[in-house]
Structures are given as structure tokens and as C-alpha cells.
Amino acid sequence: MAKISILSGKGGTGKTFVATNLVRVLPNVTYIDCDIEEPNGRIFLNPIITDINDVYTKVPLIDDNRCERCGICSKACRFGALINLGREILILDHLCHSCEACYEMCPMNAITMANRKIGEISIGVSRGIDFIEGRLNPGKPSGVPVIKQINILIKSIDIAIVDSPPGTSCSVVNTIEDSDLCILVTEPTPFGLHDLKLAVELVKEMDIPMAVIINKSGSDNQIIYNYCMKNDIKVLMEIPYDKKIAELYSRGTLIAEVDLTYEKMFVDLAEKILELIENEAAGNSEW
Amino acid sequence: MRVAISSTGTDIDSIVDERFGRARYFIIVDTETGEHETIDNEAYQLSGGAGAKTAQMIIEKGSEAVISSNIGPNAMDVMEKAGIKAYRAYNMSVKEAVDLFNKGLLQEILQPTSKGHHGGI
């Protein structure tokens with residue numbers, strides 16, 4: 001099993017572009033979209049969905065006959081999800097983080113935890129590529145339960161290419177957990193570098209091998225190279241700032257499928273990645 | 001009537017805080033006697049649910065109305081259910097806001113004025 005996570009400091013850097021083109025040139029892979037708030041890998045892969053599994057979390061349910069409106073549950077909640085109105089306890093489901101503090105603290109045993117659907121996981125196939133996508137319903141505070149459920153599925157997958165959420169949130173931490181390699185997509189701008197640094201700190205903290213891809217590469221690449229050199233991080237590829245990429249991308253077309261130069265670029269990338277993982281597994285890591 | 005006003009400072013001449021859930025202080029004024037007390041809004045730095053938590057505090061303090069510039073959806077939801085009315089004051093002192101309220105010149109807030117804010121989770 002190999003898990004390769006594609007991440008970036010911020011949205012719109014090119015994670016999905018890299019991930020979807022990469023799965024197209026690798027044999028026997030599964031594309032996994034963990035960008036649960038905005039999963040759009042399916043636009044490029046057009047999978048046939050064969051299975052949809054709901055994801056639930058627990059939210060408090062109050063037995064009005066037992067509840068004495070003491071308000072201890074409301075005080076225990078750090079998220080403002082239970083409000084003591086005096087005559088009743090108001091539950092704001094969408095603020096609940098399922099921590100169960102209310103349930104634990106209720107002296108009357110009036111609270112039970114009930115299932116609420118927060119999202120779903122779609123499973124399918126796209127011309128030989130297995131496809132898994134997590135989706136969080138809008139307004140839910142945390143997508144971590146969706147990602148945790150996907151992580152269970154990943155355990156039985158041969159090669160998983162995981163499209164992470166942007167940034168360095170809890171969702172990202174849970175997405176990249178147990179990865180064999182993290183690929184950080186960045187742009188060669190001061191903003192890009194700033195966000196890259198945050199992502200690198202996170203990946204270092206989690207002790208996962210990593211490499212960088214520069215997207216929309218141009219004259220300022222040196223700021224990324226300088227940083228990567230100082231931190232012993234390999235730069236695997238530069239993707240040029242190319243109008244053709246933008247045009248095809250906006251139409252939902254994978255460039256590796258229609259353009260030989262780019263196909264070759266992604267084949268090279270895939271080889272480098274597999275090599276890096278093998279080296280790491282053999283214990284001779286170079287980064 | 002007890003009215004809670006979001007405030008940037010601890011005394012009645014402080015400017016009304018434009019935020020509700022993340023207001024640093026609330027000044028609760030008794031409109032009959034003019035007496036007032038200042039409350040630290042402990043919810044102001046919560047990562048989420050600050051509006052709801054603040055509304056809870058206001059309920060506990062026995063307020064029947066609130067004055068602020070902006071009120072988010074969670075706080076609005078709670079106050080509606082608790083029967084607390086909200087009024088809008090902007091760029092004036094707490095004292096001035098109370099005067100206008102007493103004269104019936106403040107506009108009632110009937111819908112959330114902001115989409116609410118989310119902390120990083």
C-alpha cells in the first residue's frame with residue numbers, strides 16, 4: 001500500500017490539477033478527493049458512481065421529561081451549541097462538534113447522542129481509475145469524520161493519490177496522516193512561499209517525506225528553490241504558466257490526455273514519485 | 001427594562017462595539033433607574049459559536065433587549081427563541097444608544113445582519 005497526498009498552502013494552487021493528471025498516467029491507482037468542502041476532482045475524471053455511503057456524527061438529544069433546565073450542559077459546551085432558554089434547552093446542531101461534554105455532564109441523564117448526517121462518501125470508477133470522494137454538507141463545523149471514514153477505506157488500497165483540502169486545518173492533518181509521501185503544490189510568489197512554509201512545517205511535524213511542485217512557474221521560481229534547498233526538499237516538477245492549461249482545465253479536460261508534452265511530464269512525475277517511495281521504503285531516503 | 005449593549009470599553013461613554021458575539025464587553029443598563037453594570041464577554045475569543053454563547057450570557061443576565069451594530073445568524077436564532085429584541089446602533093456611545101432607545105428611535109434588527117464568522121477548526 002502507498003498513500004500519496006497532494007496538498008497546498010491555499011486553495012487554487014493546483015492540487016486537483018496535479019492529482020487528476022497524475023492518476024491518469026499511473027496504472028492501478030485510486031483517486032481520493034478529500035477536499036470535502038469543495039470536491040471537484042469528479043469534474044475532470046467523470047466517474048461512474050456505484051455506491052454512496054452516508055457519514056454521520058453524534059449530536060445531543062434531550063429528553064424533556066428528565067431535563068430540569070439546570071443549564072450545566074450549556075455551560076459545558078465550548079461551541080455554543082446548547083442554549084438554556086429557561087423553559088427549554090435549544091440545540092444548535094450546526095455548532096455541535098460531537099465532543100459529548102453535554103452528555104457526560106448532565107446530572108439528570110437526560111441527554112442521549114443521536115445520529116445526524118453530515119456528509120457522504122461516493123465510490124465509483126473512471127475509465128480504470130478507482131474513485132472515492134468525500135463531501136461535507138454545507139454549514140457543518142468539521143469534515144474530520146468524513147476523512148476518518150475515508151482513511152479506513154484507504155487501508156485496503158494499493159496506490160492512493162489523495163487530493164487534500166487546502167491550508168493546514170484539522171481536515172488536512174487527518175487527510176495526510178499515514179501518507180508515504182506528501183507533494184506540496186505551490187506558486188512562485190511571496191504568498192505562495194508563505195503558505196508553502198506553513199504546509200512544510202505541518203508535514204515535518206508529522207514526520208512524512210515530502211517534495212514540492214511549482215505550479216504557474218515563471219521568473220520568480222528562485223524564491224521557492226532557495227527555500228527548498230535550505231530545507232532539503234526536492235522540487236519534482238515545474239508546471240509552466242500556460243494559457244492552454246487554463247483553457248483545458250476550465251473545460252474539465254485533463255491535459256495529460258490531450259497533449260503529448262504534458263502527458264510525458266506527468267509520466268516523468270509518476271516515475272519520480274514511485275522511485276521516491278521505493279527509496280523511502282528501502283530506507284535510503286535522500287531528502 | 002434591562003438592555004444589553006455591546007461595548008468597546010468598560011464605561012457607559014465607550015463606543016458601541018460593532019460586533020455582537022465578539023464584542024469585548026457588554027454594558028447592561030436598567031432603563032428605569034439608569035443603573036448599569038459592565039460584563040466581560042468571555043465568548044469573544046471562542047473559535048466558534050461566539051454569537052450563541054453571548055446570547056446565552058445575555059439571557060442569564062435577564063436582559064430583555066440588546067443593542068449592537070451587527071448580529072449574526074446563531075445569536076439571532078437564540079434571541080428570537082428567547083423573546084429578546086435586538087436594536088441597531090452604530091458609531092455612538094453606549095449612553096447615546098440608550099437615550100435613543102428610550103425615545104424609541106433605534107431600528108429593530110429583524111434579520112441577521114452578517115453571515116457569522118468562523119474560527120479555524
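The legends below accompany several views of a predicted model with chains A and B.

**Figure 1. Overview of chain A, with its eleven helices and eleven strands.** The secondary structure of chain A comes to eleven helices and eleven strands, and the C-alpha trace of this chain spans about 70 × 45 × 40 Å along its principal axes. Of the 287 residues in chain A, 51% are buried. Among the contacts in chain A with a separation of 6 or more, residues 24 or more positions apart account for 72%, a figure to keep in mind when following the chain through the view. The accessible surface of chain A comes to about 13,500 Å², and carbon and sulfur atoms hold 50% of that area. Chain A carries 28 positive and 40 negative side chains, and the centres of these two sets lie 5 Å apart.

**Figure 2. Overview of chain B, with its three helices and six strands.** Chain B has three helices and six strands, and a reader who follows the sequence meets them in the pattern β-β-β-α-β-α-β-α-β. The C-alpha trace of chain B spans about 45 × 25 × 25 Å along its principal axes. A compact globule of 121 residues would have a radius of gyration near 14 Å, and the 13 Å of chain B agrees with this expectation. Buried residues make up 49% of the 121 residues in chain B, and 50% of the contacts between residues at least 6 apart in sequence join residues at least 24 apart. Chain B exposes about 6,000 Å², with carbon and sulfur atoms supplying 46% of this area. The mean positions of the 12 positive and 17 negative charges of chain B are 7 Å apart.

**Figure 3. The largest nonpolar core, which has 40 residues.** In soluble globular proteins, nonpolar side chains tend to be buried together. In the predicted model, the residues with the most contacts inside the largest core are Ile83(A), Phe20(B), Ile58(B), Val66(B), Ile71(B), Val78(B) and Met79(B). From chain A, strand E3 (48-62), strand E4 (82-84), strand E5 (89-91) and strand E6 (111-126) each supply at least two residues of this core, as do strand E2 (25-30), helix H1 (50-60) and helix H2 (73-82) of chain B. The largest share, five residues, comes from H1(B). Apart from this core lies another one, of 38 residues, among them Leu22(A), Tyr31(A), Ile245(A) and Phe266(A).

**Figure 4. Surroundings of Ile83(A), a residue of the largest nonpolar core.** Leaving aside residues up to four places away in sequence, Ile83(A) touches residues of both chains. Its partners in chain A are Ser74(A), Glu88(A), Ile89(A), Leu90(A) and Leu92(A), while those in chain B are Ala52(B), Lys53(B), Gln56(B), Ile59(B) and Val78(B). One of these partners, Val78(B), is also listed with Ile83(A) among the residues that have the most contacts inside the core.

**Figure 5. Ile132(A), a buried residue of strand E7 in chain A.** Ile132(A) lies in strand E7, which covers residues 129-136. The relative accessible area of Ile132(A) is 6%, and this residue therefore counts as buried, the limit being under 20%. Not counting residues up to four places away in sequence, Ile132(A) touches Thr30(A), Tyr31(A), Ile32(A), Asp33(A), Ile121(A), Ser122(A), Ile123(A), Ile150(A), Leu153(A) and Ile157(A). The C-alpha atoms of Ile132(A) and Ala2(A) are separated by 16 Å, although the two residues are 130 residues apart along the chain.

**Figure 6. Asn174(A) in helix H6, and Asp178(A) in the loop between H6 and strand E9.** Asn174(A) is found in helix H6 (residues 170-176) of chain A and is buried, with a relative accessible area of 10%. Beyond residues up to four places away in sequence, Asn174(A) touches Val144(A), Ile147(A), Lys148(A) and Asn151(A). Asp178(A) lies in the loop between H6 and strand E9 (181-186), and this residue is exposed, with a relative accessible area of 56%. Phi of Asp178(A) is near 65°, a positive value in a residue other than glycine.

**Figure 7. Asn28(A), a loop residue with positive phi.** Asn28(A) is found in the loop between helix H1 (15-25) and strand E2 (29-33) of chain A. Phi of Asn28(A) is near 50°, a positive value although the residue is not glycine. With a relative accessible area of 62%, Asn28(A) counts as exposed, because the limit for that term is over 50%.

Conventions: Residues numbered from 1 in each chain as written. Chains lettered and ligands numbered in written order. Predicted model: local features only at pLDDT ≥ 70, side-chain atom pairs only at ≥ 80, totals over all residues. Heavy atoms only, no water. Helix = DSSP H or I, 4+ residues; strand = E, 2+ residues; numbered from the N terminus. Rg over C-alpha atoms; globule rule 2.2 N^0.38 Å. Buried < 20%, exposed > 50% of the residue type's maximum accessible area, 1.4 Å probe, protein only. Contact = heavy atoms within 4.5 Å. Areas by Shrake-Rupley, 256 points an atom, 1.4 Å probe, with all protein chains shown as cover. Lys, Arg positive; Asp, Glu negative; His and termini not counted. Charge placed at Lys NZ, Arg CZ, Asp CG, Glu CD. Core = buried A, V, L, I, M, F, W, Y, C linked by side-chain atoms within 4.5 Å.
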